[in-house]
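Thanks for making the time this morning. I would like to take you through one model, slowly, and I will begin with a question once it is on the screen.

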Amino acid sequence: MKKLSLILMTLLLALTCAACGQEKGSENMKSTTKTASAAAPAETKTNGKALVVYYSASGNTAKLAGTLAAAVQADLLELKPAQPYTAHDLDYNTPGTRATVEQRDESARPQLAGSIGDLKQYDTIYIGYPIWWSLAPRLMYTFVESADLSGKKVIPFCTSGGSGMGASGEALAAAAKGKGNWLKGREFSPSASSSQLKAWADSL
């Protein structure tokens, strides 16, 4: 009888120990799972996209804008006037031509063809243009006044036949009336290299 009781007590003790071991193992698994979850890397935040906006009458600024967009991995947006400029319109040697009249008129705002779209996805906007009579074409004023550049880094760049960039960037910034964080721009040759443009963009 005593022998039978001893056997039953031994079995009961063994079952109790096994149950304790399982419960402890379960707790260890829960603890490990919680730790692994806490140690998971946070979602990486990506920088906003860049956009190169440009107007080109002869193709020089278009070439430069394309090289810049590829160098900084930016989207590209070409601005077009609702009424295209003819060669006669752009003849600065002839008084009274369309571009001459517009450039002398601070209030001139040629209409854009189509919509500029939603710029919310961009945090950096490069604005490119040729120099006309020491200024950006009045079409660019139409753009900066109609686009919402709030909170964006805005960087002007240009091509020029010899007069240089002058204060064209500052004039556009003034027309934007406080919208955007405008940086100092720069003139480039239409054939500027990708590495040259990338180095400039990285320095800003």
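At roughly what angle do the axes of helix 2 and helix 6 cross, and within what distance do they come? Please keep in mind as you look that this is a predicted model. In it, the axes of helix 2, which covers residues 60–72, and helix 6 come within 9 Å, and they cross at roughly 65°. The crossing in which helix 2 passes helix 6 is right-handed. On the helix 2 side the contact is made by Leu64, Thr67, Leu68, Ala71 and Val72, and helix 6 brings Ser194, Leu197, Lys198, Trp200 and Ala201 to meet them. If we sort the residues of this contact by class, seven are nonpolar, two are polar and one is charged.

Let me turn now to the pockets. The largest pocket holds about 390 Å³ of space, and of the 20 residues that line this pocket, those closest to its centre are Tyr92, Pro130, Ile131, Trp132 and Gly161. Its lining is made up of nine nonpolar and eleven polar residues, with no charged residue.

The second largest pocket, with a volume of about 200 Å³, is lined by eleven residues, of which Ala50, Val72, Gln73, Tyr126 and Asp202 are the closest to its centre. Val72, you may recall, is also one of the helix 2 residues in the contact with helix 6. At least two lining residues of this second pocket come from strand 3, residues 122–130, and at least two from helix 6, residues 194–203. Here the lining includes three charged residues, alongside four nonpolar and four polar ones.

Finally, a word on confidence. The average pLDDT of the chain is 83, and 77% of the residues score at least 70. Residues 1–46, however, have a pLDDT below 50, and this stretch makes zero contacts in the model beyond near neighbours in sequence. Where pLDDT is low, predicted coordinates should not be read in detail.

Conventions: Residues numbered from 1 in each chain as written. Predicted model: local features only at pLDDT ≥ 70, side-chain atom pairs only at ≥ 80, totals over all residues. Heavy atoms only, no water. pLDDT = per-residue confidence, 0-100. Contact = heavy atoms within 4.5 Å. 1 Å grid on protein atoms, 1.4 Å probe; cavity = no way out; pocket = protein on both sides within 12 Å on 5 of 7 lines; lining within 4 Å. Points joined across faces, edges and corners; volume = space filled by probe spheres on them. Nonpolar A, V, L, I, M, F, W, Y, C, P; charged D, E, K, R; others polar. Helix = DSSP H or I, 4+ residues; strand = E, 2+ residues; numbered from the N terminus. Axes fitted to C-alpha atoms, helices over the stretch in contact; angles between N-to-C directions. Left-handed = near helix turned anticlockwise from the far one by under 90°.
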